[in-house]
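User: I have a chain to go through with you. I want the reasoning behind each label, kept short.

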Amino acid sequence: MQFQLPSNLQTELLAYDPTLKVLAQQAKPKTTKKAKYPLGNIPHLIPHNVVRESDQQAAIDHINQQKAPDRYRVFTTPVDVATPQARLKVIAILYHYEQVWYAAWLPPKQQANEYVYGHAYAFKNTAAAAETAPHHIWTSKDKCIEHEGSRGVQTFTYSMNITKEDIIANDNSGFGAYQWKAPNLYCQKGHQIRDNVTQAFEKSLRENIPTWEDSRGLFDRIRCKNIFDAIDLPKQMSEFIDPNHGFTVDALVAAAEEFNVRATMTSSTYCALTSIAHIITKPAIKKLLQVNLDQATINYSAPSNNKLKPIKQAWNTFLQVINSIDWINNIWPDCPIDYYQTYYRELCRIRLSGIRTRSFDNNSTALIDWLREHMPVTSLFTMLRKHMEQLDGRWIDSDVGYERSGFHELNDTFSMAIRIFNHGKELAPPKRWRINEFHDYVQAESWKIQNPNEALRQDLFPEPIRVTRNGETWSFFQPVDTHQLAMWGQAVRNCVGSASHYADDIKKRKHFIVLCMIDGKPTFTIQLVVDMGLMSVKQIAGVANQRLTEEQREAYTEAFREVLQQREKQLACS
């Protein structure tokens, strides 16, 4: 027998009914109390003369209730009040990230000369912090202050004011640099802190300290004790120069002599200063070089200058000339010194390479000996001047502030010549030292080394055929081998001899290459194809790939038609 209890009686007797008792407990809303300080109620990290005690506590309370990306507070103060530039400036930051509290602040006005900025951090002595906190922070307990926290969990705090002396004295270790940034803020969880907090603090810090606008390092200008730091002169040299005595050519040469005693790399520019001291200490050359050093000093000392570039540009010009003189002197030690004065602008504007002129580079020795024997140094300077005349000032090299160019044709020529000598081959000197002719000649000789000579088909013209038109002798022929094709390419300054696909396609009968001379001078290069019994010109070019004029095209057409008729007669009689 069963009885259905009324609802009120069910409730009254709920303690006796195990099933309804469970259902009733499940129906009750949970009222678990959320901890007020899940991240910890840490001691105040920012000095109270920067951020008031009540404001810091409010920030700690706020951060404790936020999700990870929003656990931060930025403290500001109004500046430039009553001006159009009125704004709020960040003076301190506080945030929690990966088990650690971070704080940073700017010094108040009364302490502005005492330190650059302050930073602090705090973390709890928990297993989670041991696993997640940055290693350098977790292992810093011995220098932290220990605080007894709730439920017996200790909190460690560390605070330090970073001075200019700290930054200068530890410029190589990174000490004092960007201490307000937690590691790994570039992940999804940390990007809001990075964008809204740490970068905002860095922007305010930049307003408080001298900086180089064009330097990636925020503290580079603070670390810059003198002009030698600005130009990155090696300390082994700068320690032998007293900046109070002036930044001079003589001082650099003397310092280089000391530097070379300790240097491990004898190929450095600073070593070169001593090897060309007899040139650069001559009054005329020294005067030209000193202009660049003086300009660097002026730019460094100018109160209005907040950029490294103008300082380094003047210094880099000095180095450019030093390297150019050293390069030439190592090849032509008997070069008249007045050439360096006459061609000073060329030395500033043209990079010279293609030969490593130091004695330990055996690959260049044969070329240097060959140049000394065959190439007058006057010819080099003539080439440099003609090359510089082609510069139009459009491509400014930001390292020096003006157009500076590598002499690619000359550098490439020398590199190819080294290859020729390394293969034990001879190289005859050119009749005229003009860079285009010199380059093409060496290129053809180098190409022969890399490409063995192979016979080419002469199906169209087994022997040259000549015709006379308007008093001129036109000669048409096919190259007998790949080396003749390369020599032709050199003579007419095109790629027909160096591009291997032309020779390959001749051998495969894909096309004809016909060469044309007028009165013994290389003139036209013609590529011909045959289809359905019709021969047509695929390409025709004059010297240096020049396009033919209408008159040239008409003359060529008539001459080539005539040689084809002569070839037809030869075949008919054979």
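User: What makes helix 15 mostly covered?

Analyst: This is a predicted model. In helix 15, 17 of the 23 residues are buried. Buried means under 20% relative accessible area, so the label "mostly covered" rests on that count.

User: How do you know that the span of helix 15 is close to the expected one?

Analyst: Helix 15 covers residues 309–331. From its first C-alpha to its last it reaches 33 Å, and 33 Å is expected at 1.5 Å a residue.

User: Why is the contact between Glu207 and Lys89 called a salt bridge?

Analyst: Their closest N and O atoms are 3.6 Å apart. The cut-off is within 4 Å, so the pair qualifies. The pair links distant parts of the chain: Glu207 sits in helix 7, Lys89 in strand 2, 118 residues apart. Both residues also belong to a salt-bridge network with Asp80 and Arg87.

User: Which of these labels fits Lys89, buried or exposed? And what is Glu207 called?

Analyst: Lys89 has a relative accessible area of 13%. That is under 20%, so Lys89 is buried. Glu207 stands at 39%. That value lies between 20% and 50%, so Glu207 is partly exposed.

User: What makes Arg394 exposed, and how does its partner Asp392 count?

Analyst: Arg394 has 61% relative accessible area. Exposed means over 50%, so Arg394 meets the label. Asp392, at 43%, counts as partly exposed. The two form a salt bridge, with closest N and O atoms 2.7 Å apart.

Definitions and conventions
Residues numbered from 1 in each chain as written. Predicted model: local features only at pLDDT ≥ 70, side-chain atom pairs only at ≥ 80, totals over all residues. Heavy atoms only, no water. Helix = DSSP H or I, 4+ residues; strand = E, 2+ residues; numbered from the N terminus. Expected span 1.5 Å × (residues − 1). Buried < 20%, exposed > 50% of the residue type's maximum accessible area, 1.4 Å probe, protein only. Salt bridge = Lys/Arg side-chain N within 4 Å of Asp/Glu carboxyl O.
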